[in-house]
Amino acid sequence: MRFDKDLVAASATPLVLGILAEGESYGYAILKRVTELSGGRMQWTDGMLYPLLHRLERLGLVVATWGTSEAGRRRKHYALTRAGRDALAERQEQWSVVADVLQQVWESAQRSARQAAQAPVRPAVAEGWA
């Protein structure tokens, strides 16, 4: 499935903050977690994730430290700061409102579609010369 870039951009920050709320992580693991959480329907790229992580770091929402993997490679690990936890809580509230409004709109649209499908078909009335 291809996602609209505006939707990806709007959801990226709360997704990353939420993943980091589970615990410290590094870039590749975050990419894998997004894929896992979406059942493979969302697949982010390095080029999308790392600029976001750097921006979150500049904003003070995450802190980065260098560590070493089991294989001996250096990795930059990211963790939420207190400000990051506060930002996550705020984003959760915002997304809850948006999700609720969308659900109401979609349910209303489905009701309208069902009603339209059940409405009696009226024959076309010819206008003009009789």
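## Val8 in helix α1

Val8 sits in helix α1. The model described here is predicted. In it, Val8 has a relative accessible area of 17%, so the residue counts as buried. The cut-off for that label is under 20% relative accessible area.

Beyond its neighbours within four places in sequence, Val8 is in contact with Phe3, Trp44 and Met48. Tyr50 lies 42 residues from Val8 along the chain, and the C-alpha atoms of the two are separated by 14 Å.

## Thr13 and Val16

Helix α1 spans residues 5-21 and includes Thr13. Thr13 is buried, at a relative accessible area of 5%. With neighbours within four places in sequence set aside, the contacts of Thr13 are Leu52, Arg55, Leu56 and Arg91. Of these contacts, Leu52 and Leu56 are buried residues of α3.

Val16 also belongs to α1. Its relative accessibility is 0%, so Val16 counts as buried. Which residues does Val16 contact, leaving aside neighbours within four places in sequence? They are Ile30, Trp44, Leu49, Leu52, Leu53 and Leu56. Ile30 is one of the buried residues of α2. Leu49, Leu52, Leu53 and Leu56 are buried in α3. Trp44 is 28 residues from Val16 along the chain, with 11 Å between their C-alpha atoms.

## Helix α2

Four residues of α2 are worth naming together: Gly27, Ile30, Leu31 and Val34 are its buried residues. They cover an arc of only 100 degrees around the axis, which puts them on the same side of α2. The face turned away from that buried side carries Tyr28 and Glu36, both exposed.

What do the buried residues of α2 pack against? Their partners are α1, β1 (25-26), α3 and β3. After α2 comes Gly39, with a positive phi near 65 degrees.

## Helix α3

Helix α3 covers residues 46-58, 13 residues in total. From its first C-alpha to its last it reaches 18 Å, close to the 18 Å expected at 1.5 Å a residue. Leu49, Leu52, Leu53 and Leu56 are buried in this helix. They cover an arc of only 100 degrees around the axis, which puts these leucines on the same side of α3. Gly47 and Arg58 are exposed on the other side.

The cover over the buried residues of α3 includes α1, α2 (27-37), β2 (62-68) and β3 (74-80). The contacts of Val16 with Leu49, Leu52, Leu53 and Leu56 show the α1 part of this packing at residue level. Just after α3, Gly60 takes a positive phi of about 80 degrees.

## Leu88 in helix α4

Leu88 is part of helix α4. Is Leu88 buried or exposed? At 9% relative accessibility, Leu88 counts as buried.

Not counting residues up to four places away in sequence, Leu88 touches Pro14, Leu17, Gly18, Ala21 and Leu80. Among these, Pro14, Leu17, Gly18 and Ala21 fall within the 5-21 range of α1. Leu80 falls within the 74-80 range of β3. Val101 is 13 residues from Leu88 in sequence, and the pair is 20 Å apart in space, C-alpha to C-alpha.

## The largest pocket

Rolling a probe the size of a water molecule over the atoms shows where empty space is left. Here, the largest pocket holds about 300 Å³ of space. Its lining has 13 residues. Ser11, Pro14, Leu15, Met42 and Trp95 lie nearest the centre. Pro14 is also among the residues that Leu88 touches.

Which helix gives the largest share of the lining of the largest pocket? That is α1, with seven residues. Both α1 and α4 (82-118) supply at least two lining residues each. By type, the lining divides into nine nonpolar, three polar and one charged.

Definitions and conventions: Residues are numbered from 1 along each chain as its sequence is written. This is a predicted model: local features need pLDDT of at least 70, side-chain atom pairs count only at pLDDT 80 or more; totals for chains, interfaces and linings use all residues. Side-chain values use heavy atoms; hydrogens and water are left out. Buried means under 20% relative accessible area, exposed over 50%, partly exposed in between (1.4 Å probe, protein chains only). Contact means heavy atoms within 4.5 Å. On a 1 Å grid over the protein atoms alone, a cavity is a set of points where a 1.4 Å probe fits but cannot get out, and a pocket is an open set with protein on both sides within 12 Å along at least five of seven lines; lining residues have an atom within 4 Å of a point. Grid points are joined across faces, edges and corners, and a volume is the space filled by probe spheres set on the points. Ala, Val, Leu, Ile, Met, Phe, Trp, Tyr, Cys and Pro count as nonpolar, Asp, Glu, Lys and Arg as charged, and the others, Gly among them, as polar. The expected span of a helix is 1.5 Å times one less than its number of residues. The arc is that of the directions from the helix axis to the C-beta atoms.
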